[in-house]
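User: Please take a close look at one part of this model, the beginning of the chain. I would like one connected description.

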Amino acid sequence: MKILHLLYAGGTGGIEKLCKDIGLYSKDVENHFLFAHTGGKLYEEMSGAHLPVYLYSYGNKDIVPFRKELRRLCEKLKVDAVLIHHPAPLFWIACMPLIKSMKQTAFLVYAHNNYEELTGKKAWKRLLYNKLLKKAAGVVAISEFVKSSVIKGSKVNPQKVHVVYNGVHVEDYAGVNSIRPKGSLRLLYVGRLIEKKGVQVLLEAMERLKEKEEITLSVVGDGSYRMTLEAYVKDKGLEKTVTFYGEQRDVPAFMQSSDVFVHPAIWEEGFGITLIEAMSAGLICVAFNRGALNEIIVNGTTGYLVEEVDADKLSQTILMLLDMTDERFMEMKAMARKRACGFSIETLLEQLKLTVKECMDGR
């Protein structure tokens, strides 16, 4: 089976990293990757790993030339399926006529987020996206939450929407996690520093725990909200317990020297791949019960879901973990590792292959 993956750009996002892992670890599917608009860090890494990548410079107005180039590439490679990853109108408009004319190729839409995020709540985008979903051979949703939102928003046939959970190469994170120093708790956040990721609520929780200097937080990542967050830390006198490290490539090293991973997203998140990475490293995870996060964390077993987006509730959960016995703490860490294995890249690849085949056969 040959699959062509459509991406708009090759930056450092989760979609691009997932595609890189698909290319690196797939054994019985031949994957090709087309970056339609621009390259970037992940494109360079994929190219450096000698994955079959193609880079163009089309924009959203270049519908006709892009459509011709896409057809030419599909026919040259003789691909069985095209997976549309990025929610780019260029892809939506260009692919619809091809779905009808290229009977030998199945076009699938990969929904990496909930319906409102994908369409931006814009009427014209919803109209285009809905038409594309109805014409496509199938839709791949990264969680049951995303599947439900797509079906509700687009009214697409539910039988066309298939859940394939994101996956990670578990072994990349499964080193020897250091034992927490007695009487302390090392918290970790990894991700973009933007408002909807909720780091401000985590910092508010840390402010409530200010007298507990044995509780520390490492913040790994960068973004437009970083200066605001750093100003808050300084204003509240949290410099002793909160440290910003910026964007780091060796995230597993930070996970190996932490105890608890806090994912304080305040929006309806479609999945949460960093939670899987953290559990692979044996970290207990704490998150607000938003979006698909309850499909990842088993509350009270592999981590904790805080029902309300509330700094007080979050700080109380952190305090509970500080007071937890070592035996119970280690038991939860082991359960987290076991849970992560169900979201391995190998599992994703097998499910994706079966889903694409089912959609091809069902056209």
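Analyst: Two strands count as paired if DSSP finds at least two bridges between them. Helices (H or I, at least four residues) and strands (E, at least two) are DSSP runs, numbered from the N terminus. The model is predicted, with local features needing pLDDT of at least 70 and side-chain atom pairs pLDDT 80 or more, while totals for chains, interfaces and linings use all residues. Residues are numbered from 1 along each chain as its sequence is written, and side-chain values use heavy atoms, without hydrogens and water.

Strand β1, residues 2-9, runs parallel to strand β2, residues 30-38, and 7 bridges join the two. One contact in this pairing links H5 to its bridge partner F33 in β2. Helix α1, residues 14-25, joins β1 and β2 in a right-handed β-α-β unit. Right-handed here means that, with the strands pointing away from the viewer, the path from the first strand over the helix to the second runs clockwise.

β2 also takes part in a second parallel pairing, with strand β3 (residues 53-55), over 3 bridges. Here F35 has L55 of β3 as its bridge partner. Helix α2, residues 41-48, forms another right-handed β-α-β unit together with β2 and β3. β2 thus belongs to the unit that contains α1 and also to the unit that contains α2. In the pairings, β2 has β1 as a parallel partner and β3 as another.
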